[in-house]
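Hi,

Here's the structure I promised to pass along. Have a look, and my notes follow below.

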Amino acid sequence: MADAGRDERAWVRGAQAGSASALEALFRAHWPRAHRAAYLVLHDAAAAEDVAQEGFLAAVRALDRFEPGRPFGPWLHRIVVNRAIDVARARALRREVGAEQALETTAAPEPGASPGPPSESVMLALASLSPDHRAVVVLRYLLDYSPGEIARMLGLPRGTVNSRLRRGLDALQRGVERETDE
Amino acid sequence: MSDLRATLLAVPVPDEAGAEERAWEVVRAAYAEREPAPRRRRLLRPALALAVVAVVAAAALSPPGRAVGGWLRDRVAGEPNAEPALARLPAPRMLLVTSERGAWIVRGDGSKRLLGAYDGASFSPRGLFVVATAGHRLVAVEPNGDPRWSLSRPGRPTDARWSPTPGFRITYREGDTLRVVGGDGNGDHLLARAVAPVAPAWLPRANRTVVAYARADGVVRAVDVESGEELFRTPRTRGVEEILWTPGGRVATLTRKELVVYRRDGRPSGTPTGRLEKGQVLLDAVTVPRDELVYADYDAAAGKTTLVQTDCLDGGACRLIGPRELYTGPGHLRDLALSPDGRWLLAGWPEADQFLFLRLAPPRIRAVDAITREFDPGGTGSAPFPRVAEWCCRPAPAQ
């Protein structure tokens, strides 16, 4: 972990000094989780790619102001997850029927269909939550932030984070149980 | 919970590897184009003291606060005593703003109307219509959002601008071509090929329908769209980002490094900005009454932008009192727009999340806070800062 932190600080310093290879190392280290987090909140691969990419572009723009001693991940994750929430809300407002249908299809499998792998039932359970709830679950259980950190990242009271986590966990538990019953 | 984490990590993300490569190409290109700031000094300069970091002390001091504290340094304190909401404009008429939600009209009383999910927009000369672009469509809408006509194109129209002269025409870019269409949506045709990705600019207050545009080779041409006659062309200039017409009817081009004003025969007459020092970048410029210009000069070393008003259009030869600083603030001041009565200048201030209104004479400052949320109601405030398109509309010329 300490090595990873040292690497990251070196990459940030290198990127600030103009090293594209240092920036690439930083990108390769952080892209998979940032992209996955956006996908789990949005349930739309193209939109997740855009959102994660925006996060890295914001990082490039802010590179000169970034302090190498600070961890890069929380900075990036905050941008990506907040943007994913905004995009999901805007899409709901615009009634993007395609996306809604995609979610409905995922949430309601054909009767008698054989259960998929565990990740599929988790996706189904996540789909039943709002983007705000999904974001909290993703930050807690994929990206490993504490409820206090999540509260600060999303600008929410800690109690709201805890209640969203409870509701998210209940939904995920129901999803997993349904799969076990079948 | 480690099971849940493992399951979330096992969820297949469609085309994961392809997305990573595509994103890396975009990020790499953005990194290659960025202007690195000179290394910062250990001691804060007085100017940097302005860049008050919006850190909640309790959050920053706690262990989790230290973890998430890095991003907080992106925000700066803007103008103190800023108004909490855009409840009115300091000058009458209408403001056109584009945000992630689309194009908005803001009226003098602060009321805002979302015209639709448009990427770009521009007013007609008297503000009776807006021409907007979205995907493959060019659309003329009324200020209440009702569409009047729509033109579908195989490419993606951008940078649509409505001519200020009778006989109204609209120019827009499509890929590397420049096209013209009538104000009623008829008569769409090609005007030029191999144009640069720069918004065309109509000659204001004239009885000829003249537009200036940048070619891909860096030459800026002014042509009469009715006759096709070329009025003049400038020498090649690298990196033209904006074309302006001065109130006196001369063309000016803005690059990141200089603002050049040209004579009516297309020859350069001077650089009002003078020679910028290393690390300084021009962000924007706007023409103001009495044949003057205001430009935004960003100093990367100090991390601040200065708005400068100048009447020295001919390279050091000043008509009256020379350049004077209107305002200096941390971060970037951009998207300059002049009020229709020519008295107020608006600048977008992304890092402070503010709109800054400056009265040119007598000087006065008004600022409005929380602009991102104004144009992203219900959002978390993390949407991109909105862009000011235009402040409509300048008074008709005296005949």
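In which hand, left or right, does helix 2 of chain A cross helix 2 of chain B? The crossing is right-handed (the near helix is turned clockwise from the far one by less than a right angle; anticlockwise would be left-handed). Helices here are DSSP runs of H or I, at least four residues, numbered from the N terminus.

Before you dig in: this is a predicted model, with local features needing pLDDT of at least 70, side-chain atom pairs counting only at pLDDT 80 or more, and totals for chains, interfaces and linings using all residues. Residues are numbered from 1 along each chain as its sequence is written, with chains lettered from A and ligands numbered from 1 in the order written.

Back to that pair: residues 20-42 of chain A and 16-33 of chain B pack at about 140°, axes 10 Å apart (lines fitted to C-alpha atoms over the stretch in contact, angles from 0 to 180 degrees between N-to-C directions). The two helices are therefore oblique (not under 35 degrees, over 145 or 65 to 115). Among the contact residues are A:Phe27, A:Trp31, B:Trp24 and B:Tyr31 (contact: C-beta atoms, placed from the backbone, within 7 Å).

A:Trp31 also marks a kink of about 40° in helix 2 of chain A, shortly before A:Pro32 (the angle between axes fitted to the seven residues ending there and the seven starting there). Just after that helix, A:His43 takes a positive phi of about 60°.

Overall, 44 residues of chain B contact 49 of chain A. Helix 2 of chain B gives the largest share of chain B's side, eleven residues.

Cheers

Definitions and conventions:
Contact = placed C-beta atoms within 7 Å.
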